[in-house]
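Let's work through a few exercises together. Keep the structure in view and try each task before you read its solution.

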Amino acid sequence: MSNISGGFQVIQVIDGDCITGFLRASAPLCQFYKKDTGTCVPDWSVAANQPVIYPVLRSQNEGTVKPVVASSDKWYYNGVEITFNASNVATAPAAIANRAKKVTQSNGTINVPGLQIIGNLGSADNMDADTIRMTGAVEASGHSIAYDVSIGLDIAEYSDSEYVGFLNATNGGIIDEEGETITITPSLYKGGSKMTSGYSVKWMKPPYTASHSTASTLTVGRDDIDSRLDLMCQFIVDGAVVDTRIITLSDEIDPYYIACEASGTTMLESTGAYSSVKFTYKVKKMGTGEVISGYTFATVLTGAKGQAISLTTAPTAAGCTVTYADVKNAGGNLTGHVTATKS
C-alpha cells in the first residue's frame, strides 16, 4: 500500500497494545444562531435533526473495535463534567442542561455509550466553538485501558443572507464490512431555509488543491479510503464558493493505519504544561501494531470552518506540535489531516 491517510487521535499504549480512539457524530455538529429571531439551524429540539456523539475505540493488537467498560464513561462540555438525572438527561453545566442525554448507540457489531443532543446549544451567549469530551476505559489485551477523546461543536451566528452547508454520511461514515459503501449527501441553507436548487458542489481530497468530483451526492467504497479519508466539500452559488465543509470517513478493516501519537492532552490551555501537544506519526499494521517503516508524512491543517491553518511551528516529516495559540487561531477547533506516502 503506497498511500495511507490518518489524522490526530488520542492513543495509549499498554504492553504493546495501542488503543486508537475518536468521537464520531451521526450528523454534523454544526449549528447556527440567528440573533433577531432567536432561531437555530438545524433545530436540535426536533428529533429528526438530533446528532448522537459516540466513541470508536480500536485495539490494534486484536484488530477489533472495543466496547466501553460498563459505567466507566464520563462526558464533558467545554471541560466541565456533565451530570445526568435518573432519566439520563443532562442536569449540569447550565449551558447543556436538558439539551443532551445519554443513550446507547450501535457501532457496527457492538453497542457503545452515546450522547444525544436534544436541544439547541446556539444562543446569544454562545456563538463560538464548543467541545464535547469523553473519558472511560476499554478491556483489551487483558488490561483495562483508559481513553480520552474529544470532538468539536461548531456554533456561530448567521444572517438572512448567510449560506450554511451540511454533510451527512450513511453508516456514520464508517466502513466495517467488506462490500460496504458510504454515501455523503450535502445540503445548503440560506438564512435558515434549505435550498432545493441554485447551487452546486465540488469535492476535494487533501491537500485540497484539485477537484475530486462534482457529483450532487458522493458514494465511496474501500478503494477510495486509505484507512481514513477527509473529504472537503465546497458549496458554489453563481460561480462563487459560499461555504466549505469537511467530513471524515474511515475504513475500519484497512490493513494499515496512521498512529498520530500525542505527547499529552489534546485539550489545551492558554498557559502552563498543557499549552501545547506534540504529535508523532507512525504507520502501523492493523491487528499487531507493528510499525511499518519507509513512509514520509505530509500534514494539512484546517480550522473550525474548514479554513486552511498554519502552525506557529511548521510540521515536519515526522509530526507536528500544536499550541493553544494555534487552536485559538483556528476558531477553537483544529484538525490535522495526515497522509503517508511510501518512500
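**Exercise 1: Two unusual spots in the backbone**

Task: Find where Tyr208 sits and say whether Tyr208 is buried or exposed.

Solution: Start with the place: Tyr208 belongs to the loop connecting S20 and S21. Next, look at the backbone angle: Tyr208 is not a glycine, yet its phi is positive, about 60 degrees. Keep in mind that most residues other than glycine have a negative phi. Finally, check the surface: buried means under 20% relative accessible area, so Tyr208, at 10% relative accessibility, counts as buried.

Now try Asn88 in the same way. Asn88 is in the loop between S10 and strand S11 (90-92). Asn88 also has a positive phi, of about 70 degrees, without being a glycine. With a relative accessible area of 31%, Asn88 is partly exposed.

**Exercise 2: Cis peptide bonds**

Task: Which peptide bond is cis with omega near 5 degrees, and which one is cis with omega near -10 degrees?

Solution: Remember that most peptide bonds are trans. The bond with omega near 5 degrees runs from Pro206 to Pro207. Pro207 lies in the loop between strand S20 (200-204) and strand S21 (211-213). The bond with omega near -10 degrees runs from Val41 to Pro42, and Pro42 is part of the loop between S5 and S6.

**Exercise 3: Reading a sheet**

Task: Work out which strands stand at the edges of the open sheet.

Solution: First, write down the order, which is S5-S4-S15-S14-S8-S9, with 6 strands and mixed pairing. Then look at the ends: strand S5 (39-41) and strand S9 (80-81) each have a single partner strand, so one side of each is left without a neighbour in the sheet. Now zoom in on one pair: strand S14 (residues 130-140) and strand S15 (residues 143-157) run antiparallel and are joined by 11 bridges. As an example, Asp130 stands opposite Leu153 in S15.

**Exercise 4: The nonpolar core**

Task: How many residues does the largest nonpolar core have, and which strand gives the largest share?

Solution: The largest nonpolar core has 26 residues. Ile53, Trp75, Ile96, Leu121 and Ile132 have the most contacts inside it. Several strands supply at least two residues each, among them strand S3 (17-25), strand S6 (52-59) and strand S13 (110-117). The largest share, 6 residues, comes from S15. To see one core residue in its surroundings, take Ile53: beyond its neighbours within four places in sequence, its contacts include Leu23, Trp75, Leu115, Ile132 and Ile151.

**Exercise 5: The whole protein, and how far to trust it**

Task: Why does the radius of gyration agree with a compact globule, and where is confidence lowest?

Solution: Begin with size: a compact globule with 343 residues would have a radius of gyration near 20 Å, and the protein has 19 Å, which agrees. Buried residues make up 48% of the 343 residues. The secondary structure comes to 1 helix and 30 strands.

Then turn to confidence, since this is a predicted model. The average pLDDT is 84, and 91% of the residues score at least 70. Confidence is lowest in strand S2 (residues 10-14), with a mean of 41, and highest in strand S10 (residues 83-84), at 98. Over residues 1-14 the pLDDT is below 50, and this stretch has 77 contacts in the model beyond near neighbours in sequence.

Technical notes. Residues are numbered from 1 along each chain as its sequence is written. This is a predicted model: local features need pLDDT of at least 70, side-chain atom pairs count only at pLDDT 80 or more; totals for chains, interfaces and linings use all residues. Side-chain values use heavy atoms; hydrogens and water are left out. Two strands pair if DSSP finds at least two bridges between them. Helices (H or I, at least four residues) and strands (E, at least two) are DSSP runs, numbered from the N terminus. pLDDT is the predictor's confidence in each residue, from 0 to 100. Contact means heavy atoms within 4.5 Å. A nonpolar core is a set of buried Ala, Val, Leu, Ile, Met, Phe, Trp, Tyr and Cys residues joined through side-chain atoms within 4.5 Å. Buried means under 20% relative accessible area, exposed over 50%, partly exposed in between (1.4 Å probe, protein chains only). The radius of gyration is taken over C-alpha atoms; the globule rule is 2.2 Å times the number of residues to the power 0.38.
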